[in-house]
Structures are given as C-alpha cells and as structure tokens.
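Student: Please take one part of this structure and go through it closely. I would like to know what surrounds it and what it touches.

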Amino acid sequence: MINQANKNQKLRCKRAVRVRKHLRGTSTKPRLCVVKSNNHIQAQLIDDETGTTLGGTATFAKEFRNTEFSRKNKASARKLGEQIAEIAKSKNIKEVVFDRGPFKYHGILAELADGARAGGLQF
C-alpha cells in the first residue's frame, strides 16, 4: 500500500513538472497557479522572475468562511475565479498564464478559469 502511494505521488509530481516546464510568470503576465485538495481549492498569482506571490485566495479564506463557497465544488470554483480576477485588476494585471499543475482541465478547474475570464482576465 505504501509503495502504491509513493508511486502515485511521484507520478503526480512528474505531471506537474511536465506542465510547468513550459510556463513562466512575469510581473506583467503572472502565472495563475491552481491547487486542489480533497476539500478545498487555492489560486495564486505568481511572478516567477522574482519568486514572489502577487496575490491569492482560497475556499478556506476569511471571506469565504461560513458561506456556501467554503468547500470544493463548481460554484465555489467560479466565485474563486472571479475573486482572483478582482485581485489581478487591483494590481493592474490583465493577462495571466494558467497553470493547471497535475490536474486535468475539466470540471472544477474549467469552472475556475471561466470565472476568471468572466472577471476580465485573459489567458
């Protein structure tokens, strides 16, 4: 059982590296990194040139706590995408590079991307 868990973790890391080796975020066009866990979703705007996070939000953030958006589902993913678009607008960012990590672009990730596009981000 432990060997299978280690194998799955290594495969997941390999998928993330395979996606991220083609993506670089700058201060004008940062990387929109999305992370999913079993219960939550996180989104961050990352400048890879300086290695800093420009902004981020998650379903466990203070503004989503004790609401219907405090768990991982499509509705909260769309709201999270709109929220990250507002954070980007406040920092005068109009374009981002979407980093899906080891996750497939469907379901919750596609909904988050659609919410960010509805909020005004281009990618």
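Tutor: What follows starts from one helix, α3, and works outward to its neighbours and then to the loops.

The model is predicted, so local features are given at pLDDT of at least 70 and side-chain atom pairs at 80 or more, while totals for chains, interfaces and linings use all residues. Residues are numbered from 1 along each chain as its sequence is written, and side-chain values use heavy atoms, without hydrogens or water.

Helices (H or I, at least four residues) and strands (E, at least two) are DSSP runs, numbered from the N terminus. Of the 11 residues of α3, 8 are buried, so this helix is largely enclosed by the rest of the structure. Buried means under 20% relative accessible area, exposed means over 50%, and partly exposed lies in between (1.4 Å probe, protein chains only). The buried residues are Ile108, Leu109, Ala110, Glu111, Leu112, Ala113, Gly115 and Ala116. Among the elements that cover them are β1, β2, α2 and β4. Just after α3, the chain passes through Gly120, which has a positive phi of about 115°.

One of these covering elements is a helix. Two packed helices are described by the angle between their axes and the distance between the axes. Helix α2 (residues 74–90) packs on α3 at about 35°, and the axes are 7 Å apart. Axes here are lines fitted to C-alpha atoms, for helices over the stretch in contact, with angles from 0 to 180 degrees between N-to-C directions. The crossing is right-handed, that is, the near helix is turned clockwise from the far one by less than a right angle. Contact means heavy atoms within 4.5 Å. On the α2 side the contact is made by Lys74, Ala77, Arg78, Leu80, Gly81, Glu82, Ile84 and Ala85. On the α3 side it is made by Ile108, Glu111, Leu112, Asp114, Gly115, Ala116 and Ala118. These residues divide into 8 nonpolar, 2 polar and 5 charged. In that count, Ala, Val, Leu, Ile, Met, Phe, Trp, Tyr, Cys and Pro are nonpolar, Asp, Glu, Lys and Arg are charged, and the others, Gly among them, are polar.

Nonpolar side chains in soluble globular proteins tend to be buried together. A nonpolar core is a set of buried Ala, Val, Leu, Ile, Met, Phe, Trp, Tyr and Cys residues joined through side-chain atoms within 4.5 Å. The largest one in this model has 24 residues, and Leu32, Ile41, Leu45, Ile84, Phe98 and Leu112 have the most contacts inside it. Two or more residues come from each of β1 (31–36), β2 (41–47), α2 and α3. Helix α2 gives the most, with 6 residues. Leu45 shows how such a residue is placed: apart from its neighbours within four places in sequence, its contacts include Leu32, Leu54, Ile84, Ile87 and Val96.

Phe98 leads on to the aromatic rings. The structure holds 3 aromatic pairs. Rings of Phe, Tyr and Trp (its six-membered ring) pair if their centres lie within 6.5 Å; planes under 30 degrees apart are stacked, over 60 edge-to-face, and the rest tilted. Phe98 and Phe123 are a stacked pair, with centres 5.3 Å apart and planes at 10°. Phe98 lies in strand β4 (residues 97–99) and Phe123 in the segment after α3 (108–118), so the pair ties together parts that are 25 residues apart in sequence. Phe98 is buried at 15% relative accessibility, whereas Phe123 is partly exposed at 31%. Together with Tyr105, these two form one aromatic cluster.

Another pair is Phe64 with Phe69, with ring centres 6.4 Å apart and planes at 75°, so it is edge-to-face. Both residues are buried. Phe69 is in the loop between β3 and α2, and so is Thr59. Thr59 is buried at 1% relative accessibility. Thr59 touches both Phe64 and Phe69, and also Leu80, which is one of the α2 residues in contact with α3.

The same loop, between β3 (52–58) and α2, also holds Asn66, which is exposed at 77% relative accessibility. Most residues other than glycine have a negative phi. Asn66 has a positive phi, near 60°.
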